[in-house]
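Reader: I should like to learn how the words used to describe a protein model are justified. May I ask about them one by one?

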Amino acid sequence: MHEMSVVSNIIKIALQTAEENNLAAVTKIRIKVGSQHHLAPDLMEYAFSFFKKDTAAAEASLEIKKVPVTMKCLRCGRTFTVNEGIYICPVCESVHVEMLTGRELIIENIEGETQ
Ligand SMILES: [Zn+2]
């Protein structure tokens, strides 16, 4: 399960960040996930509750912001959102397109308590 390693890393980074900022507990982790990653939210939640156990993030909640896949047509310049993995320009039907968003996998911010 790809979700397990992704979430494990997110928690690792969050705990590290909390320590660097003298936070005793992490209360919320906000992440941005591009749709290109095909990460299932329910599996993310499952992995999150699994890995946060017995850490400073044990009481933390996970907020997942999904970023749609958007592309830019290199022929006509049109930008469009990709649904169902069809990477073709809806205007000129060119397949010469580049991805603008959708590859994100970042921690947006972390909330915590100092004691
Ligand atoms: Zn086009």
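Author: Please do. Let us begin with strand E3 (residues 70–73) and E4, which pair in the antiparallel sense over three bridges. This is a predicted model, in which local features need pLDDT of at least 70, side-chain atom pairs count only at pLDDT 80 or more, and totals for chains, interfaces and linings use all residues. Residues are numbered from 1 along each chain as its sequence is written.

Reader: What makes E3 and E4 a pair?

Author: Two strands pair if DSSP finds at least two bridges between them. E3 and E4 have three bridges, so they satisfy the rule. Within E4, Thr-79 is the residue opposite Lys-72. In general, strands of a sheet pair through backbone hydrogen bonds, either parallel or antiparallel.

Reader: Which strands are called edge strands in the sheet with the order E4-E3-E5?

Author: That sheet is open, has three strands and is antiparallel in its pairing. Strand E4 (79–81) and strand E5 (97–101) are its edges, as each pairs on one side only. From one strand to the next, the twist averages 35 degrees. Such angles are taken between N-to-C directions and run from 0 to 180 degrees, with axes fitted as lines to C-alpha atoms, for helices over the stretch in contact.

Reader: How many helices and strands does the protein chain have, and what counts as one?

Author: The chain has two helices and six strands. Both are DSSP runs numbered from the N terminus: a helix is H or I with at least four residues, and a strand is E with at least two. Along the sequence they follow the pattern α-β-α-β-β-β-β-β.

Reader: How do you know that the span of H1 agrees with what is expected?

Author: The expected span of a helix is 1.5 Å times one less than its number of residues. For the 19 residues of H1 this gives 27 Å, and the end C-alpha atoms are 28 Å apart, which agrees. Helix H2 (residues 41–52), with twelve residues, reaches 16 Å from its first C-alpha to its last, close to the expected 16 Å.

Reader: Which residues of H2 are called buried, and why are they said to lie on the same side?

Author: The buried residues of H2 are Met-44, Ala-47, Phe-48 and Lys-52. A residue is buried if 20 or more other C-beta atoms, placed from the backbone, lie within 10 Å of its own, exposed if 12 or fewer, and partly exposed in between. The four cover an arc of only 115 degrees around the axis, which puts them on the same side of H2; the arc is that of the directions from the helix axis to the C-beta atoms. Asp-42 and Phe-50, on the other side, are exposed.

Reader: What makes Phe-51 partly exposed?

Author: Phe-51, which lies in helix H2, has 18 other C-beta atoms within 10 Å, and is therefore partly exposed.

Reader: With which residues is Phe-51 in contact, apart from neighbours within four places in sequence?

Author: Those residues are Val-7, Ser-8 and Ile-11. Contact requires that the C-beta atoms of two residues, placed from the backbone, lie within 7 Å. The C-alpha atoms of Phe-51 and Ser-8 are 6.2 Å apart, although 43 residues separate the two along the chain.

Reader: Which residues of H1 are buried, and what covers them?

Author: Val-7, Ile-10, Ile-11, Ala-14, Leu-15 and Ala-18 are buried in H1. They share one side of H1, because their arc around the axis is only 130 degrees. Their cover includes strand E1 (25–34), H2 and strand E6 (105–113). The face turned away from that buried side carries exposed residues, among them Ser-5 and Gln-16.

Reader: What is the pairing in the sheet with the order E2-E1-E6?

Author: The pairing of this open sheet is mixed. E1 and E2 run parallel and are joined by seven bridges; Arg-30 stands opposite Glu-63 in E2. H1 packs on the sheet, touching E1 and E6, and its direction makes about 45 degrees with that of E6.

Reader: How does the radius of gyration of the protein chain stand against that of a compact globule?

Author: The radius, taken over C-alpha atoms, is set against a globule rule of 2.2 Å times the number of residues to the power 0.38. For 115 residues a compact globule would have a radius near 13 Å, but the chain has 18 Å. Along the principal axes, its C-alpha atoms fill a box of roughly 55 × 25 × 15 Å. Of its residues, 21% count as buried.
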